[in-house]
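Subject: The structure, and some notes on it

Hello,

Here is the structure I promised to hand over. Have a look at it first, and then read on for what I found.

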Amino acid sequence: MKLRTEHLFPTPIWIFDDVPLDNDQIRNFVYQVQKDDPDGMRKSNMGGWQSNDFIAPYIDNTPLGDLHHHATANTYTAGDEFGFRDYTLKLSNMWMNINKKGDSNHIHTHSGSMFAGVYYAKVPNCCCGELKFHRPMQDQCIKEYWGCNENFDRHEEAMNFTEWYVQPKENTMVIFPSWLMHSVDKSASDDDRISLSFNMHVFSNYYRENEVYPQKRYNKPNVPLSLK
Ligand SMILES: [Fe+2]
């Protein structure tokens, strides 16, 4: 008799360490943007400051140009491994986050894109809030079948994790499918934690070359209600 264990529908995340970026330059720019736009934008952040979006055509004229380059190159590595072929990636948006003591980001996904990512430009020595990935909610009920924690090694087998943490590290970039739920734990550090998040779209080259994708935006035709 031979046993074969299959892992169905695995969820990848890609962690790139030692991304060669100049964090001093990025941090200075982040603080400059925060000074110019102290209100920023509020999305998943509970406390903390989040910038408005930077978008692809303009980002390369800012100190985030190199980060844009590495985010794209690393997402191509992720996309190739995920199985995409003949495709083009495009950054849909990138934004900055400064979390201080007590700040966190509630559980969310990045709808509207294929890949999401985060780069850490400043990470305090201790307790600045881990990035937490969550098993899809519909699977959370399986905990009910597992009984109490003493029954099994809940934290040693990837197939029964309900959460999984990434410890933030300077010069590390994490890329993940945009539909994967995640959150950021509360920072307990007196120092700032600076990260930059981004979303990437995947475009099929076939669709681009054959103009299946719309080349321009058309206004919605004014169709009488009776014909809709
Ligand atoms: Fe996020």
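Let me start with one pair of residues: I15 sits opposite V174, which belongs to β9. Strands here, like helices, are DSSP runs numbered from the N terminus, with at least two residues (E) for a strand and at least four (H or I) for a helix.

Before going further, two notes on reading this. The numbering of residues starts from 1 along each chain as its sequence is written. The model is predicted, so local features need pLDDT of at least 70 and side-chain atom pairs count only at pLDDT 80 or more, while totals for chains, interfaces and linings use all residues.

The overall picture

The protein has 6 helices and 11 strands. Its C-alpha atoms fill a box of roughly 60 × 50 × 40 Å along the principal axes. Of its 228 residues, 25% count as buried. For burial I use C-beta atoms placed from the backbone: a residue is buried if 20 or more others lie within 10 Å of its own, exposed if 12 or fewer do, and partly exposed in between. Contacts between residues 24 or more positions apart make up 87% of those with a separation of 6 or more; a contact is a pair of residues whose C-beta atoms, placed from the backbone, lie within 7 Å.

The sheet

Six strands form an open sheet with antiparallel pairing, in the order β1-β9-β6-β11-β4-β3. At the edges are β1 and β3 (49–50), each of which pairs on one side only. Two strands count as paired if DSSP finds at least two bridges between them.

Both α1 and α3 pack on this sheet. α1 touches β3, β4, β6 and β11, and its direction makes about 100° with that of β6. α3 touches β1, β4, β6, β9 and β11, at about 125° to the direction of β4. These angles run from 0 to 180 degrees between N-to-C directions, with axes as lines fitted to C-alpha atoms, for helices over the stretch in contact.

Back to β9, where we began. It is joined to β1 by 3 bridges, antiparallel, and pairs with β6 over 5 bridges in the antiparallel sense. From β6, V118 stands opposite V174 and A116 stands opposite F176. Because 4 of its 5 residues are buried, β9 is largely enclosed by the rest of the structure.

β6 is mostly covered too, with 7 of its 8 residues buried. It is joined to β11 by 7 antiparallel bridges, and there A116 stands opposite N199.

Helix α3

α3 covers residues 65–82, which is 18 residues. They should span 26 Å, and the end C-alpha atoms are 25 Å apart, which agrees; the expected span is 1.5 Å times one less than the number of residues. Which of its residues are buried? They are L67, A71, N74, T75, A78 and G79. Seen down the helix axis, they fall within an arc of 145°, so they line one face of α3; the arc is that of the directions from the axis to the C-beta atoms. On the other side, G65, A73, T77 and D80 are exposed. The elements covering the buried residues include β1 (14–16), α1 (23–36) and β4 (87–99). Just after the helix, G83 takes a positive phi of about 120°.

The core

The largest nonpolar core has 35 residues, and V30, L67, M94, Y119, A121 and L196 touch the most other members. By nonpolar core I mean a set of buried Ala, Val, Leu, Ile, Met, Phe, Trp, Tyr and Cys residues joined through C-beta atoms within 7 Å. At least two residues of this core come from each of α1, α3, β4, β6, β9 and β11, and β6 gives the most, with 6. Neighbours within four places in sequence aside, L67 is in contact with L21, I26, Y119 and L196.

A lysine in a loop

Finally, K186 lies in the loop between β10 (182–184) and β11. Is K186 buried or partly exposed? It is partly exposed, with 16 other C-beta atoms within 10 Å. Not counting residues up to four places away in sequence, K186 touches G102, D103, S104 and G129. From F16 it is 170 residues away in sequence and 23 Å away in space, C-alpha to C-alpha.

Best wishes

Notes:
Contact = placed C-beta atoms within 7 Å.
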